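Biologist: I would like a close look at a single part of this model, the largest pocket. What lines the largest pocket, and which elements give residues to its lining?

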Amino acid sequence: MKLGPQLHRIGNDIVAVYLIVTDDGITVIDAGLSGHWPELISELDSLGRSVSDIRGVILTHGDTDHLGFAERLRRDHGVPVLVHAADAARARGEIKPKASWGKIKVGALARFFWYASRKGGLKTTYVSEVTTIEDGQVLDLPGAPRIIGLPGHSPGSVAIHSAAADAVFVGDALTTRSVLTGENGPQPAPFTDDPAQAAESLARIADLDVTWVLPGHGAPWNGGAAAIVRRIGEFRAA
């Protein structure tokens, strides 16, 4: 799915993976579920590119539904997997999250688990080796992605800003569709370690001059960063 000249998405509104596509190669943002691998190959084929064009995978955080095919790219193709140091152990499977679930609608949760089971999400392949990144770092990868620390959902949650893609990738720092309730629209993400810290962290992306704010779950948002941060504040206050 093409969102912009250098911006593509695979997966769907339940679980999404993003590609920054440039003449110098491709940066993958999050790795979804292992069963997204055929979609990755298909998207690369449609672009006339291949796995050899992927220069790195950046994880917005270390949760299992973002690890997907990351280890496969690292192990079989030598692609580095980058994650904030505070979530490195999480991505390696050494630490498991213990966040509360919150409000649930059985139908929505069943749809999430049904989709995850179809895409290999019930068995996680953790990343054996990671390259750690930190807040403020501009990575030598296609799209010149800049790391913005957004702790709260997890200690090492980050946003990834790419001016070339006109986008900020936010992982589970926010969502536009709750996997637990099916409710659409900008809102705090479930399974968050520290909701108060997550809310405070969002101020760090509010001033970004981008069209796209791209969550790991939910529809892409093309109304700018300031608007979505404001909408989430209104949701929390309601």
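Modeller: What follows describes the largest pocket, then a strand pair linked to it, and then the second largest pocket. Keep in mind that this is a predicted model. The largest pocket holds about 580 Å³ of space. Its lining is made up of 27 residues, and those closest to the centre of the pocket are D63, T64, D65, P97 and F191. Two elements, α4 (106-118) and β11, give two or more residues each to this lining. The most comes from α4, which supplies three residues. Sorted by class, the lining of the largest pocket has 14 nonpolar residues, seven charged ones and six polar ones.

Strand β11, one of the elements in that lining, also has a partner strand. β11 covers residues 175-177 and runs antiparallel to β12, residues 184-187, with two bridges joining them. Within this pair, R177 is placed opposite N184 of β12. The two strands form a hairpin with six residues between them, and in this hairpin G182 has a positive phi near 80°.

For comparison, the second largest pocket has a volume of about 410 Å³. It is lined by 23 residues, of which W101, G102, P188, A189 and P190 are the closest to its centre. Here the elements that give two or more residues to the lining are α5 (195-201) and α6 (225-237). The lining of the second largest pocket divides into 13 nonpolar, six polar and four charged residues.

Terms used. Residues are numbered from 1 along each chain as its sequence is written. This is a predicted model: local features need pLDDT of at least 70, side-chain atom pairs count only at pLDDT 80 or more; totals for chains, interfaces and linings use all residues. Side-chain values use heavy atoms; hydrogens and water are left out. Two strands pair if DSSP finds at least two bridges between them. Helices (H or I, at least four residues) and strands (E, at least two) are DSSP runs, numbered from the N terminus. On a 1 Å grid over the protein atoms alone, a cavity is a set of points where a 1.4 Å probe fits but cannot get out, and a pocket is an open set with protein on both sides within 12 Å along at least five of seven lines; lining residues have an atom within 4 Å of a point. Grid points are joined across faces, edges and corners, and a volume is the space filled by probe spheres set on the points. Ala, Val, Leu, Ile, Met, Phe, Trp, Tyr, Cys and Pro count as nonpolar, Asp, Glu, Lys and Arg as charged, and the others, Gly among them, as polar.
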